[in-house]
Amino acid sequence: MGANGRLPGAATPVRRILALGGHEFSARPPDRAVCELLLRLAGERAGERPRICILPTASGDTSEQIASFYSAFGERSCEPSDISLFRLGRRPVALRDHLLAQDLIYVGGGSMLNLLAVWEAHDIAAILSLAWRRGIVLAGQSAGAMCWFEAGITKSSGKPLAAAGLGLLSGSLCVHYNNEPERRAAYLDAVGEGMPSGYGLDDYAGLLWEGEGAPSAVTARRGARAYRVSGREGQVAESPLPARFLPAPAPAALREDIAEFRRIKTMRKRAGWLG
Amino acid sequence: MRKADPQIVAFGGGGFSMESGNPLLDDYVLGLTRAERPRVCFLPTASGDADHYVVRFYRAFSAHRCEASHISLFRREQGPSDLRRHLLSQDLIYVGGGSVVSLLGVWRAHGLDSILREAWESGVVLCGLSAGSLCWFAEAVTGFHGAPKRLRGLGLLPFSNCVHYERGKGRGEAYHQFLREGMRGGYAAEDGAALHFSGEELSRVVASRPEARGYRLDVAGSRVVEMRIATTYLGDPGAVPAAPLPEALSTAPAA
């Protein structure tokens, strides 16, 4: 892979999507491993300081989701930003220009139904599709992973139901696969009843599409798997895919002042100054 | 008991969201329900169902004077599972401010556009401020996303609407321009003013601040005619009976 996400000699940029079954932006090892992969994909396109933008739309732009994104990427070698469609009043953004200037666009989890409805209202879908064709990496977890497919299984209305996505990737996706048995059951039923075949992703499992062809599976936690789920004449077959393990990088070194504060706190605790 | 007339109260701005300590507009819409302990449901959709906004609603609409609830369309696994039944059983539906574009998109995805029309027709009082005002009209001027834009609302009221209509904010100019370009006539309201419609007719303009006004805007040829509407300041003693009578509504000054 060369600069700008182009294969050497290729005329068009490689289209890349990373779909993740579920993760957080915490400091725990599997979460750090996921962030490392996101940074690597963005870096392959841009080099030193890739631009990474979160669309927290599916959550209703909660400050919690936005803050956890910045806590994961704020200190890393990248330029993180967010577009909050519910807060454009206070922070107007040139949506198209900003999104097309990114190296990676990350879509957070939440309500898939609302995500697609709000994107439609703001004409975001066409921009994301163009970004994809230009080689900007599209990524996301949960609703932010299913949105790229023709269909997904969402709990946006309470119980798990099928919902349509943008359809950049053909087929369907079900997230939190073995973590939410009722969601998996609804998916298997739906595929049996004619929903396009697709994939199941456990939390901390992911699928990476790079160009044409089959995706490669990755996993950031032992036991977390990706499954191929296919329906044929009412019968549904589910088979786990071989996955590459993503090791967690060493935690970022603590800043000196924080480390100092923690040392003092520990000493005080030992001396019985704090409860 | 169901009221005969559908009612909408469209705030230019105000109520608990914007006027902490001034409950005049919120008291007014509660009074319209004529219920002793009205059932009030808050829809914070335009804010992305922001937690802090929901908390402020429950503080303002406390349990001693109403039966308050809210619907978060971003967290459907909590709250009522049958949206239609819950909304149709309310006396008042109160829509919060934020992004009207996002609001309308999410409502359509959950079928709230048709449920709210049904609620309105069956006599549930609908109200809201800012995005929660614009949404009821056929057309609206929104300035939420930077430069003022035209957009289509639910169309319960066959007019255009502009909120936060204070001078010097550029909205007035934009609204006039849109009207000259063919937008239908309609109503504007300043912060603290509320347009009260019975059916599709404006029955009165009320205000939580003495100086707040509502306006009627029409196009005559290529000219925009803007009229200030006589406004009742709700802070004046005896300005409004707690539950206005239909006779009072029909004789209220509308121009």
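This passage looks at the contact between two chains, then at strand pairing and salt bridges. The structure is a predicted model, in which local features need pLDDT of at least 70 and side-chain atom pairs count only at pLDDT 80 or more, while totals for chains, interfaces and linings use all residues. Residues are numbered from 1 along each chain as its sequence is written, chains are lettered from A in the order in which they are written, and side-chain values use heavy atoms, with hydrogens and water left out.

We can begin where the chains meet. Here 21 residues of chain A are in contact with 18 residues of chain B (contact means heavy atoms within 4.5 Å). The area buried between chain A and chain B is about 1400 Å², with carbon and sulfur atoms giving 61%; buried area is the accessible area (1.4 Å probe) that two parts lose on being put together, summed over both. On the side of chain A that touches chain B, eight residues are nonpolar, 11 polar and two charged. In this scheme Ala, Val, Leu, Ile, Met, Phe, Trp, Tyr, Cys and Pro count as nonpolar, Asp, Glu, Lys and Arg as charged, and the others, Gly among them, as polar.

Salt bridges (a side-chain nitrogen of Lys or Arg within 4 Å of a carboxyl oxygen of Asp or Glu) come to 21 over all chains, yet zero are found across the interface of chain A and chain B. One of them joins Arg16(A) to Glu44(A), with the closest N and O atoms 2.7 Å apart. This pair links distant parts of the chain, 28 residues apart: Arg16(A) lies in strand E1 (residues 16-20) and Glu44(A) in helix H1 (residues 29-46) of chain A.

Turning to the strands, helices (H or I, at least four residues) and strands (E, at least two) are DSSP runs, numbered from the N terminus, and two strands pair if DSSP finds at least two bridges between them. In chain A, strand E2 (residues 51-55) pairs with strand E3 (residues 79-82) in the parallel sense over four bridges, and Ile54(A) stands opposite Asp82(A). In chain B, strand E9 (residues 186-189) runs parallel to strand E8 (residues 157-162), joined by three bridges.
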